[in-house]
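Hello,

As promised, here is the structure for you to look through. Please open it next to your own notes and follow along.

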Amino acid sequence: MNNNEWKSVTQLFKTKISGELGGSPLVQNEIINSTAEILTEDNLINIYVKNPVLVGKMVEYKPLVEECIREVFQQSFDIKFNVGKIQSKTETDDLPMFNSYSSEQSPSNQSLDSQIKKANLRKEFTMESFIRSGSNDLAYAAARSISDTPGTQFNPLFVYGNSGLGKTHLINAIGIEIIKKFPNYKILYTTFETFFNDFLETFNSPTKRATINKQDFRTKYRSIDVLIIDDIQGISGREGTENEFFNIFNELYRENKQIILTSDVHPNEFKQLPDRIKSRFNQGLVIDIRNPDYELRFNLIKRKAVEDRLILENDAIDFIVSNVNRNMRELEGAYARVKISLQTSKEVGNRENILKALRDLSGFIKVEENLSPAKIMDLVCAHFKIKKEELKKQDRSKRVAYPRQVCMYLLRKHTDLNYTDIAHLLGRKDHTTIIHGVEKIEQDLSDGVNDINSHISTLKDSIFKR
């Protein structure tokens, strides 16, 4: 028995199933792309598929598969659906097989690192190292879902957002998770620039090998289970590349292969891109990663400081992330500057030394030069929906008292005002009231109560918005 015999079974199955209504195309396709081995002594055929999520749903197709086997082999066999690969055999084995892999060829026998490298993924970009917040939670949730069941939903996944927000990290993490869960899957990560250069080298080749090169190109991009292309926006206006990509996309999509794309803009904003390709990009899940919020920036710097065994006071971290807030690359650059400065000078990581380290950084704004107490008060009132004059009254209701304490905290942390100045500004007779209010908010932040972290994060994003 040989590979063609099992292919005859799957093709017959495909023909029969095409005339039926209902059923799951995903399960059907998994059976069509299966491999198998026959155990003659047991009168059993083991059928191997890749996706463990779908195995339990294959029982409804068992009678039809058995019927196809009877027609091809003119005898009956029991069948069993399995996840994974065919058990490798030695050359002396009598056991007939439809398909087999040597132990060297089997992806599941390769090390994780070698599989990640083969897929062109970056091993440091994992789900565990991806820092989540409200600005990327939806994209992260979609990534997790795709990692569990690639090709079954959200296909394609199209992630867009400004540079430096973590798009590349997230799509790499999807690829690594799929390798862990589905080691037999073929995964390829590439940038559009690499895809484009491959295309030019292949289709503009004047040599006699041009035809062979074209086949190699198409095999590279069509014979995989997960295609990940970064910065796909470069495709606009490149007609020849558009057509080839369109054909690759369609073939992978028909075969329920997962497609993952990133761009700096929504696909509808692509200029000079045919509507037929835009519609393909939009038919799955299009999701954005927004500019990093305060929570994300703070947690990133805190994690890096712990990893580098660098002691940074919370006020110092707050000072960094409140000023460097446009994207993660700028923030990581600022942190690297702080790190080398503190390691060289052996100084403590406080607010004063952070300012010294970042003073000449391009785009860095010193808080003291750009904030006014009036701006902070206005933003606090707008956020909590109270009137500015209420902050100065003796109203002790929670509706007013808590926003007043938040205002005390922000005025103390982000202006040059001392406790007495803030007391005068808010109509308090005693500066000890201000001390108590600031300490109350600091304690709530530490304990995570009263949704204070969310309030402070939102307010700081508004205060330091450029």
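Below is what I found, going from the strands to the helices, then the salt bridges and one loop residue.

One thing to keep in mind first: this is a predicted model.

**The strands**

Let me begin with an open sheet of three strands, ordered β1-β2-β3, in which the pairing is mixed. Its edge strands are β1 (35-39) and β3 (78-83), each of which pairs on one side only. On average, neighbouring strands in this sheet are turned by 25° against each other, ignoring direction. Strand β2, residues 44-49, runs parallel to β3, and six bridges join the two. If you want a place to look at that pairing, find I47, which stands opposite F81 in β3. Helix α4 (residues 62-73) lies across β2 and β3 and runs at about 120° to β3.

Further along the chain there is another parallel pairing, with five bridges between β5 and strand β6 (residues 226-230). Here I187 stands opposite V226 in β6. Is strand β5 enclosed by the rest of the structure or open? Four of the five residues of β5 (residues 187-191) are buried, so the strand is largely enclosed by the rest of the structure.

**Two helix pairs**

Two helix packings are worth a look side by side.

The first is α12 (residues 294-307) with α14 (residues 328-345): they pack at an angle of about 35°, and their axes are 11 Å apart. The crossing of α12 past α14 is right-handed. On the α12 side the contact is made by L296, R297, L300, I301, K304 and A305, and on the α14 side by M328, L331, E332 and Y335. Sorted by class, that contact has seven nonpolar residues, three charged ones and no polar ones.

The second is α10 with helix α11 (residues 275-282), whose axes come within 11 Å and cross at roughly 35°. In this case α10 passes α11 in a left-handed crossing. From α10, the residues E242, N243, F245, F246, F249 and N250 meet R276, I277, R280 and F281 of α11. By class, the contact between α10 and α11 has five nonpolar, two polar and three charged residues.

**Salt bridges**

The count of salt bridges comes to 20, and I picked out a few for you.

Start with R144 and E177, whose side chains meet in a salt bridge at 3.4 Å, N to O. This pair links distant parts of the chain, since R144 sits in helix α6 and E177 in helix α7 (residues 167-181), 33 residues apart. How exposed are the two partners? R144 counts as partly exposed because its relative accessibility is 26%, between the 20% and 50% cut-offs. E177, with a relative accessible area of 6%, is buried.

E177 also meets K180 in a salt bridge, again listed at 3.4 Å, N to O. K180 and E177 both lie in helix α7, three residues apart, which is about one turn of the helix. K180 is partly exposed, with a relative accessible area of 42%.

Another bridge runs between R222 and E244, with the closest N and O atoms 3.4 Å apart. It too links distant parts of the chain: R222 is in helix α9 (residues 210-222) and E244 in helix α10 (residues 239-254), 22 residues apart. At 23% relative accessibility R222 counts as partly exposed, whereas E244, at 5%, counts as buried.

Coming back to E177, salt bridges that share partners join R144, D148, E177, K180 and K181 into one network.

**A loop residue**

Finally, have a look at K123, in the loop between α5 (112-118) and α6 (137-148). Is K123 buried or exposed? Its relative accessibility is 54%, so K123 counts as exposed, the cut-off being over 50%. Setting aside neighbours within four places in sequence, K123 is in contact with D113, I116 and I176. K123 and N172 are 49 residues apart in sequence, while their C-alpha atoms are 8.0 Å apart in space.

I hope this helps you find your way around.

Best wishes

Note on methods. Residues numbered from 1 in each chain as written. Predicted model: local features only at pLDDT ≥ 70, side-chain atom pairs only at ≥ 80, totals over all residues. Heavy atoms only, no water. Buried < 20%, exposed > 50% of the residue type's maximum accessible area, 1.4 Å probe, protein only. Contact = heavy atoms within 4.5 Å. Pairing = 2+ DSSP bridges. Axes fitted to C-alpha atoms, helices over the stretch in contact; angles between N-to-C directions. Left-handed = near helix turned anticlockwise from the far one by under 90°. Nonpolar A, V, L, I, M, F, W, Y, C, P; charged D, E, K, R; others polar. Salt bridge = Lys/Arg side-chain N within 4 Å of Asp/Glu carboxyl O.
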